[in-house]
Amino acid sequence: MSNIRVYLKVLRLFWLTAIAAELEYRLNFLIAMFSSLTNLIGSVFTLFLFYRTDYTFEGWNWNESLIVLGMFTLLQGISATLLVPNLNRIVEQVQQGTLDFILLKPISSQYWLSLRSLSPWGFSDVIFGLMIIVYGSFQLNLNIPNYFLSLITIGFATISLYSIWFMLGATSIWFVKIYNVTEVLRGLLEAGRYPISAYPAAYRIFFTFVVPVTFLTTVPAETLLGKSQETWLLFSGLLAIFLLVISHYFWQFALKFYTSASS
């Protein structure tokens, strides 16, 4: 219990320091919000082009597809707030040898690398994503309990995405320059803007069992809409736990091959 208090205290210091540093450049927030808004308008317009001729994705009407887009925008905001500012720096830590200092600290190195920074510039995507989800939900008169279940699946989606991203970052111990790999991952995740039924069968298999995009946006949206079966909810949770455990052991394995850049 005392260890948990220590980790929470450290997390509080991490984030207060990170926010204080970021807020020195407050204009960046307005720029980030404008960028998020323009990207969102472009995404909504693209979705509108599909539906303006009475075309619909199989089993998804306009408002339901909007919720999927909202889930994608929300997850994108969470990524920009927590994942990008932390996990993209793993490569730099390995290249510069500063990972040595982290490994010497009396705290889990994975915890440090995963939560050291917090970027408020992703808040705009979180806000816009929630706005779209709430709008679509009100249009469809959804049940309140579905919101709580959907929140759980969003948590699972965040854990799954984090675990995959962290493992890719850990490979920098062997392959120093992996920026292209993370960009490929981010490109694949763009498929989450639309319901999985929008893609051909082969792509559905790929985005479900190879790169689990389905569990990042479609499953949370289906849960909110009351479409998702209990099996998918269970599998979403098991996938998140499995990937999180694997990321931990993969990191421990990778550290065995780490040699300091300063040595």
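Ile-102 counts as buried in this predicted model, with a relative accessibility of 4%. That figure sits under the 20% cut-off for burial, so Ile-102 earns the label. The residue belongs to helix α5, which covers residues 99–103. Setting aside residues up to four places away in sequence, Ile-102 touches Gln-93, Ser-109, Trp-112 and Leu-113. Gly-155 is another story: it is 53 residues from Ile-102 in sequence, and their C-alpha atoms are 27 Å apart in space.

Leu-99 makes a natural next stop. When residues up to four places away in sequence are not counted, Leu-99 touches Gln-93, Val-94, Leu-113, Trp-251, Leu-255 and Tyr-258. Gln-93 and Leu-113 thus turn up in the contact lists of both Leu-99 and Ile-102. The largest nonpolar core of the protein holds 63 residues, and within that core Leu-99 and Trp-251 touch the most other members.

Stepping back to the whole chain, the secondary structure adds up to 12 helices and 0 strands. Read from the N terminus, the order of elements is simply α-α-α-α-α-α-α-α-α-α-α-α. The radius of gyration is 19 Å, close to the 18 Å that the globule rule gives for 263 residues, so the protein is as compact as a globular protein of that length. Measuring sticks laid along the principal axes of the C-alpha trace would read about 65 × 40 × 40 Å.

How much of the protein counts as buried? Of its 263 residues, 48% do. The contacts also reach a long way along the chain: among those between residues at least 6 apart in sequence, 80% join residues at least 24 apart. On the outside, the accessible surface comes to about 14,300 Å², and carbon and sulfur atoms account for 68% of that. As for charge, there are 14 positive and 12 negative side chains, with the centres of the two sets 11 Å apart.

Helix α8 spans residues 144–170, and Leu-161 is found in that helix. Is Leu-161 buried or exposed? With a relative accessible area of 4%, Leu-161 is buried. Leaving aside neighbours within four places in sequence, the residues in contact with Leu-161 are Leu-75, Ser-79, Leu-83, Leu-189 and Leu-216. Phe-123 lies 38 residues from Leu-161 along the chain, and 18 Å separates their C-alpha atoms.

Just before helix α8 comes a loop, and Asn-141 lies in it, between α7 (123–140) and α8 (144–170). The phi angle of Asn-141 is near 55 degrees, which is a positive value in a residue other than glycine. Asn-141 is exposed, with a relative accessible area of 64%. That puts Asn-141 on the opposite side of the bookkeeping from Leu-161: one is exposed, and the other is buried.

Thr-218 rounds off the tour. This threonine is found in helix α11, made up of residues 218–225. Its relative accessible area is 3%, so Thr-218 is buried. What does Thr-218 contact, leaving aside its neighbours within four places in sequence? The partners are Trp-60, Tyr-194, Pro-195, Ile-196 and Val-213.

Key
Residues are numbered from 1 along each chain as its sequence is written. This is a predicted model: local features need pLDDT of at least 70, side-chain atom pairs count only at pLDDT 80 or more; totals for chains, interfaces and linings use all residues. Side-chain values use heavy atoms; hydrogens and water are left out. Helices (H or I, at least four residues) and strands (E, at least two) are DSSP runs, numbered from the N terminus. The radius of gyration is taken over C-alpha atoms; the globule rule is 2.2 Å times the number of residues to the power 0.38. Buried means under 20% relative accessible area, exposed over 50%, partly exposed in between (1.4 Å probe, protein chains only). Contact means heavy atoms within 4.5 Å. Accessible areas come from the Shrake-Rupley method with a 1.4 Å probe; for residues, only the protein chains shown count as cover. Lys and Arg count as positive and Asp and Glu as negative; His and the chain ends are not counted. The place of a charge is taken as NZ of Lys, CZ of Arg, CG of Asp or CD of Glu. A nonpolar core is a set of buried Ala, Val, Leu, Ile, Met, Phe, Trp, Tyr and Cys residues joined through side-chain atoms within 4.5 Å.
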